[in-house]
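Work through the exercises below with the sequence and the model at hand. Try each task before reading its solution.

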Amino acid sequence: MNSYLARRRYSNKRKMSVSERIVFALAFLIFVLYAAFILFFFVFAFLGALRPDGASFDLERYMHHNLFSWPENASFNSFINSFSTLASINGGRDSFLVITWNSVWRTTTYVILSILTSSMVCYVLVFYRSKITRFLYNLGILVAILPLYGSAAATYRFYNNIGFINNPFALITSIGLYGGYFFYMYSFYKTLSWEYAEAAFVDGASHYRVFFQVMMPMVIPSASALFVMSFISSWNDYESTLLYMSKYPNLAYAVFALDSASKYIDNYPAYLAGVLISLLPILILFLIFQNSIMESVHLGGLKE
């Protein structure tokens, strides 16, 4: 332990070489430029949303002549009007609260089912080794590297035949053998010791109780980071609504639908404010959990 701390102190005190400094400076510059590129769109939308001219707002003129200029008589009325603007999709059938609720329950259900089932599969593949589990793991690697494209038409027809179009039960399709975070969950379980399970078995615990009460709680801190990342990705998903759940529109779909029919938007400042409002929940979520996300993904990658 003492030798490890000594090496750690030595590595912290060691000066970087010229080549390391150059690489570090280039990497820092790239990330700064990328952050500025992302920030550009937030600033653009925020300043546009503050424009008080509403229906008379000229988007092209604003982009060419008034970009990043603080508007005269700035007003936050556009943020109030944005609720009705986003709710204007589908003929105004759904209110803003209904659209937001659709985003919440659809995203939460999809993410929980996806990560929970992926966790169960990886638990079995790691701790119940056999020829079958080795085959399933190799099959998962094959599925991950195969470029499976062109299945949208067949998927839509299949969902239509079994009655999953505009049906909340379509979310059960997120249950699969291999989820998007299959290898992350697999690496997390690889870091756990089976001795915890053996101790529980000695006390008379069943296999199901060992998983849900012993092993699963130790994975939750790492799985929570995956939950946040998957939640952010699913929150911005408008394609599934466009194809399968048009009767349950979410905020991402509302923004997409308005953008697709941009020539019919009579209040661009309210539209830009609506875009910012739709991004606000996941932005807050990321700011709260950004440290745990980076730490969990970093450690998971090292331990893989």
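**Exercise 1. Find which residues of α8 meet which residues of α10 in this predicted model, then describe the packing of the two helices.**

Step 1. List the partners. On the α8 side they are Y184, M185, F188 and Y189. On the α10 side they are F211, M216, V219, S222, A223 and L226.

Step 2. Sort the residues by class. The contact of α8 with α10 has nine nonpolar residues, one polar residue and no charged residues.

Step 3. Place the axes. Helix α8 covers residues 182-190, and helix α10 covers residues 207-235. Their axes come within 10 Å and cross at roughly 130°.

Step 4. Name the arrangement. Angles over 145 degrees count as roughly antiparallel, and 65 to 115 as roughly perpendicular. The angle here fits neither range, so α8 and α10 are oblique to each other.

Step 5. Add the hand. The crossing of α8 past α10 is right-handed.

**Exercise 2. Describe how α5 crosses α10, and give the classes of the residues in their contact.**

Step 1. Take the axes. Helix α5 spans residues 96-127. Its axis and that of α10 come within 9 Å and cross at roughly 135°.

Step 2. Name the arrangement. This pair is therefore oblique.

Step 3. Add the hand. α5 passes α10 in a right-handed crossing.

Step 4. Sort the residues. The contact of α5 with α10 holds 19 nonpolar and six polar residues, and no charged ones.

**Exercise 3. Decide whether N250 is buried or exposed, and trace the polar contacts of its side chain.**

Step 1. Locate the residue. N250 sits in the loop between α11 (239-243) and α12 (251-260).

Step 2. Check the accessibility. N250 has a relative accessible area of 3%, so N250 is buried.

Step 3. Follow the side chain to backbone oxygen. A polar atom of the N250 side chain lies 3.0 Å from the backbone oxygen of D237.

Step 4. Follow the side chain to backbone nitrogen. The N250 side chain reaches the backbone nitrogen of Y253 at 2.9 Å.

Step 5. List the neighbours. Leaving out residues up to four places away in sequence, N250 touches I99, N102, S103, R106, D237 and T241.

**Exercise 4. Give the surroundings of S278.**

Step 1. Locate the residue. S278 belongs to helix α13, residues 268-303.

Step 2. Check the accessibility. Its relative accessibility is 8%, so S278 counts as buried.

Step 3. Find the polar partner. The S278 side chain reaches the backbone oxygen of V275 at 2.6 Å.

Step 4. Find the other contacts. Beyond four places in sequence, S278 touches W235, L251 and V255.

**Exercise 5. Classify G48 by accessibility, then compare its spacing from A74 in sequence and in space.**

Step 1. Locate the residue. G48 is part of helix α2, residues 18-49.

Step 2. Check the accessibility. At 0% relative accessibility, G48 is buried.

Step 3. Compare the spacings. G48 and A74 lie 26 residues apart in sequence. From C-alpha to C-alpha, G48 and A74 are 9.7 Å apart.

**Exercise 6. Summarise the elements, burial and contacts of the protein chain.**

Step 1. Count the elements. The protein chain has 13 helices and zero strands.

Step 2. Take the burial. Of the 304 residues, 34% are buried.

Step 3. Take the contacts. Among contacts with a separation of 6 or more, 75% join residues 24 or more positions apart.

Notes. Residues are numbered from 1 along each chain as its sequence is written. This is a predicted model: local features need pLDDT of at least 70, side-chain atom pairs count only at pLDDT 80 or more; totals for chains, interfaces and linings use all residues. Side-chain values use heavy atoms; hydrogens and water are left out. Axes are lines fitted to C-alpha atoms, for helices over the stretch in contact, and angles run from 0 to 180 degrees between N-to-C directions. Helices (H or I, at least four residues) and strands (E, at least two) are DSSP runs, numbered from the N terminus. Angles under 35 degrees count as roughly parallel, over 145 as roughly antiparallel, 65 to 115 as roughly perpendicular and the rest as oblique. A crossing is left-handed if the near helix is turned anticlockwise from the far one by less than a right angle, and right-handed if clockwise. Contact means heavy atoms within 4.5 Å. Ala, Val, Leu, Ile, Met, Phe, Trp, Tyr, Cys and Pro count as nonpolar, Asp, Glu, Lys and Arg as charged, and the others, Gly among them, as polar. Buried means under 20% relative accessible area, exposed over 50%, partly exposed in between (1.4 Å probe, protein chains only). A polar contact is a pair of N or O atoms within 3.5 Å; within protein, one must be able to donate a hydrogen and the other to accept it, and residues adjacent in sequence count only if both atoms are side-chain atoms.
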